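Dear colleague,

I am handing over the structure below, and after it I set out what was found. Please keep it open beside you as you read.

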Amino acid sequence: MADSLEVKELEQVVVRFSGDSGDGMQLAGNIFSTVSATVGNSISTFPDYPADIRAPQGSLTGVSGFQVHIGANPVFTPGDLCDVLVAMNAAALKTQYKFAKPGAAIIIDTDSFGPKDLEKAAFQTADPLKEMGIDPDRVIACPLTTMVKDCLAGSGMDAKSVLKCRNMFALGLVCWLFSRDLDIAFNFLREKFAKKPEVAEANIKVIQAGYDYGHNTHSSVANVYRIETKHKVPGRYMDITGNKATAYGFIAAAEKAGLKLYLGSYPITPATDVLHELSKHKSLGVTTVQCEDEIAGCASSVGASFAGALAVTSTSGPGICLKSEAMNLAVIMELPLVVLDVQRGGPATGLPTKSEQTDLLQVLFGRNGESPMPVMAAISPTDCFDAAYEASKIALEHMTPVVLLTDAFVANGSGAFKLPRLEDYPDIRPPYVPEELKGKWTPYMRAKNGTRYWAVPGREGFEHILGGLEKDDKTGAISTNPENHDLMTRKRAQKIANIPVPDLEVLGDKDDAELLIVGFGGTYGHLRAAMEEMRAEGRKVAMAHFRYINPLPKNTADVLLKYPKVVVAEQNMGQLAAWLRMKVDGFVPCQYNEVKGQPFTVSTLVQHFIELITK
Amino acid sequence: MAQYTFQDFKKGQPRWCPGCGDHFFLNSLHKAMAEIGVAPCDTAVISGIGCSSRLPHYMATYGMNTIHGRAAAIATGCKVANPRLTVWQVSGDGDGLAIGGNHFIHANRRNIDLNMILLNNRIYGLTKGQYSPTSPRGFVSKSSPYGTVEDPFRPAELCFGARGHFFARAVATDAPGTIEILKAAYEHKGSSVCEILQNCVIFNNGTHDSVYSKEGRARNAIYVKHGEPLIFGENNEYGLVQEGFGLKIVEIGKDGVTRDDILIHDAHCEDNTLQLKLALMGDGDGFPVALGVIRDVEAPTYNDAVEAQIEEIKAKKPYHSFAELLETNDIWEVK
């Protein structure tokens, strides 16, 4: 039978690993994506965690998924629907089947489809496949648990540890299905479990068993697949999530600026991983303070900034509500501060684990008084690194709080991250007050670009008082003078307007597009994939995606007014559209809005955009 | 260490109402700082909002007059990020204990090396006369025309409840007493709370009358000093002794009571039971108001621990730069 097996070339494939929260689906997914990335495939991943903290084993609410998208050409999203679904138990099949393409291959562990498992997964009959209308020919049904037990019999491992290796069997099967080189997986495991070689070897044995099982039986699959690599960018890579990349960006910026990195934070989903990550790196001198509340997280960061650190506070939307007061203090005191908002579903507690772009207007406008603040949005998990670096650079060089928006999708998703070299990144030079101004300096003296100088405590002769009250432009003393307040308000606004940001880039058919797709932040991948798909079908489409939202790129109006039709697609009710309409005279876009807490699906976008063009 | 005079810490013309207790306190703070001898450029004075929070504007140091209630949180970040600085945090009773109550207790719990000044006039002055969280039950004010129906915080109780290690009290008009506790607060490593009893001449005049004058203090206050007997009265004729679970006033020389019977003050005692009893005296209970350093117990500070942990981990972990950090990950190479 093996001889009749055909090897089919694929451009891209989406694999979804699903099982109980404790089944190790993320690890299996990570290894699969790493193995694929090592041969030069493009990768994008996204975990889908259950909302319950610890749901009962085998229950519908306890299922977690991990989706991996692999492509010969660049991939921009973790994929809408999967080509292969691994379901480690009945509940996983029940809840995750909706993410499978029609005709997708489905791998199940028949040992986890017993009467009890079926009952927990709320199946009505003893034949779950029939009940769900799944063609059995598409299913690789194997007694996975039994085979793992057999494989590790005599290894001396206890039953619990043996069961923990089930994910590796599934991984082995998937590796066989996609003709992956197991040596890379073996190396990965040997490094990961360097301190526990017996665990590494057990896992390796099980992967091999899974691979061999596929090879020897390949029941019900007509093909194995190959994903060639077409766009190889040589270099050294790691897999990185958005939150980790954000944390790394702050570390890199602090090192480049020669400053201590201070994070004042309070745990909040989905931003907490940034606090976790930064808390690990004390050997780099990173100081993290888990504060009593969101308010103190931001307020203590303002204090740290005054004291001369690169100060960061991390949160999600509900935290921004509380931090806005201290953010505003940083506005009037003109101190550097980076506020990270990993957006989630709102309002109020909303959908804590899900993704939205609904904080845009909050961060632009949600403060009392005239309170201009730069706002940036990271466009992908790996872009979080550059975005965090750039946000820090703007904050430090322009003496202002900066909001960096990411979202749950970008924060938890991952991609292949080409290791950056710090020397390739631009310098960060805060406007420290020059020594020659000693004796003449007052706190609101400005450099040419309108930026206030920074006098860090400890410098003799530059003692000064900042504060939340309006200050006199010249003396720095408290002032309620109406002319002065008007002047200071304008100077603060001008300072932000003066921040140089790169021009908006137009992708696709920039000269003759019938439709310009506009978005910001984490939807980049989906919008890009939708555009590429439409162009592949012969449509003339372009896209412009905003990373810098305040100030807007200088060419914004030129780009937005150039095309016959523009659609602003965003995961809110039209916040970017409203901002752009406010800033660009005569701009009247179409809108595509979704507020589902889920990433866009490329197919839905394409369908909608085609309707827009043709109607 | 360079020598300073109070002039080196002075700046501007204070704008408080004539007779306000803040004037007295400010003068004492300037003098205390001169005696302490830390350079103005290594000193940060951080306040929130309120009458007393204007204070940093009259300091020739670094400082911030920030937002309502957040002074302790802002001071926390300042001290942790730059532990070389001597940080003073100044709040009123509204700023520190109402809107800023959460930050007050957590700064105490963490034991950050902040000198926390609580200027307590039991009223909101800047907003023109509403009751504060230290106003007594039944207090009549613009926002409580029929009297409040709530009990006040007692700052010492809150500090002790938050596991504070230093609490001292002085009357704003008592310069030597104020300077003494400010110096002790500076010497104490960790969060130190100094409650300053301060009069608002406009909206709550007379609130601390019983101890506001020197004569009043002679009659109605007791100066506590570590290692010395708890004796008070115009002629030092009274003393405190322990009785059952409480304290009792005795007259020395009467009923066979001698000086040796009097309780010796122990500010360094880890157990705060008796210190709390001292701190709560004088609330119309016939006991004198305790002034001076009531509690002063050594404990590891948060900022020292943060620094020590960084040093420890630096020695332990093999990576010390961003480039080295990258190498700790699972890396693959595309050729």
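A compact globule of 335 residues would have a radius of gyration near 20 Å, and chain B, at 22 Å, agrees with that value. Taken along the principal axes, the C-alpha atoms of chain B fill a box of roughly 95 × 45 × 45 Å. Please bear in mind that this is a predicted model, although the mean pLDDT of chain B is 97 and 99% of its residues reach 70 or more. The model as a whole scores ipTM 0.97 and pTM 0.94.

Within chain B there are eleven helices and 14 strands, and 50% of its 335 residues are buried. If you take the contacts in chain B between residues at least 6 apart in sequence, 65% of them join residues at least 24 apart.

Chain A has 21 helices and 23 strands. Its radius of gyration is 27 Å, close to the 25 Å that the globule rule gives for 615 residues, so chain A is as compact as a globular protein of that length. The box filled by the C-alpha atoms of chain A is roughly 85 × 60 × 45 Å along the principal axes. Of the 615 residues in chain A, 54% count as buried, and among its contacts between residues at least 6 apart in sequence, 77% join residues at least 24 apart.

Next comes the place where the two chains touch. Here 51 residues of chain B are in contact with 59 residues of chain A. On the chain B side, the elements that give two or more residues include β2 (62-65), α4 (101-110), α10 (302-316) and β14 (331-334), while the largest share, eight residues, comes from α2(B). Sorted by class, this side of chain B has 28 nonpolar, 15 polar and eight charged residues.

How many of the residues of α2(B) are buried? Eleven of its eleven residues are, so that the helix is mostly covered; among them are A71(B), I74(B), C78(B) and K79(B).

The chains are also joined through their strands. Strand β17 of chain A, residues 465-467, runs parallel to β2(B), and three bridges join the two. If you would like to find this pairing in the viewer, look for G467(A), whose bridge partner in β2(B) is N65(B).

A second link is an open sheet of nine strands, with mixed pairing, in the order β7(A)-β6(A)-β5(A)-β2(A)-β4(A)-β3(A)-β16(A)-β9(A)-β14(B). The strands at its edges are β7 (139-142) of chain A and β14 of chain B, and each has a single partner strand, so one side of each is left without a neighbour in the sheet. From one strand to the next the twist averages 25°. At the chain A edge, β7(A) pairs in the parallel sense with β6 (residues 100-109) of chain A over four bridges, and there I107(A) has I140(A) of β7(A) as its bridge partner.

Finally, some details of the backbone of chain A deserve a careful look. The peptide bond from G346(A) to P347(A) is cis, with omega near 0°, and P347(A) has its place in the loop between β13 (337-343) and α14 (360-365) of chain A. The peptide bond from N550(A) to P551(A) is also cis, with omega near -5°, and P551(A) is found in the loop between β21 (548-550) and α19 (556-560) of chain A.

Two residues have a positive phi although they are not glycines: A348(A), at about 55°, and M399(A), at about 50°. A348(A) lies in the loop between β13 and α14 of chain A, whereas M399(A) lies in the loop between α15 (383-398) and β15 (401-407) of chain A.

Which of these two residues is buried, and which is exposed? A residue counts as exposed if 12 or fewer other C-beta atoms lie within 10 Å of its own, and as buried if there are 20 or more. A348(A) has 7 other C-beta atoms within 10 Å, so A348(A) is exposed, whereas M399(A) has 24 C-beta neighbours inside 10 Å and therefore counts as buried.

With best wishes

Terms used: Residues numbered from 1 in each chain as written. Chains lettered and ligands numbered in written order. Predicted model: local features only at pLDDT ≥ 70, side-chain atom pairs only at ≥ 80, totals over all residues. Rg over C-alpha atoms; globule rule 2.2 N^0.38 Å. Contact = placed C-beta atoms within 7 Å. Nonpolar A, V, L, I, M, F, W, Y, C, P; charged D, E, K, R; others polar. Pairing = 2+ DSSP bridges. Axes fitted to C-alpha atoms, helices over the stretch in contact; angles between N-to-C directions. pLDDT = per-residue confidence, 0-100.
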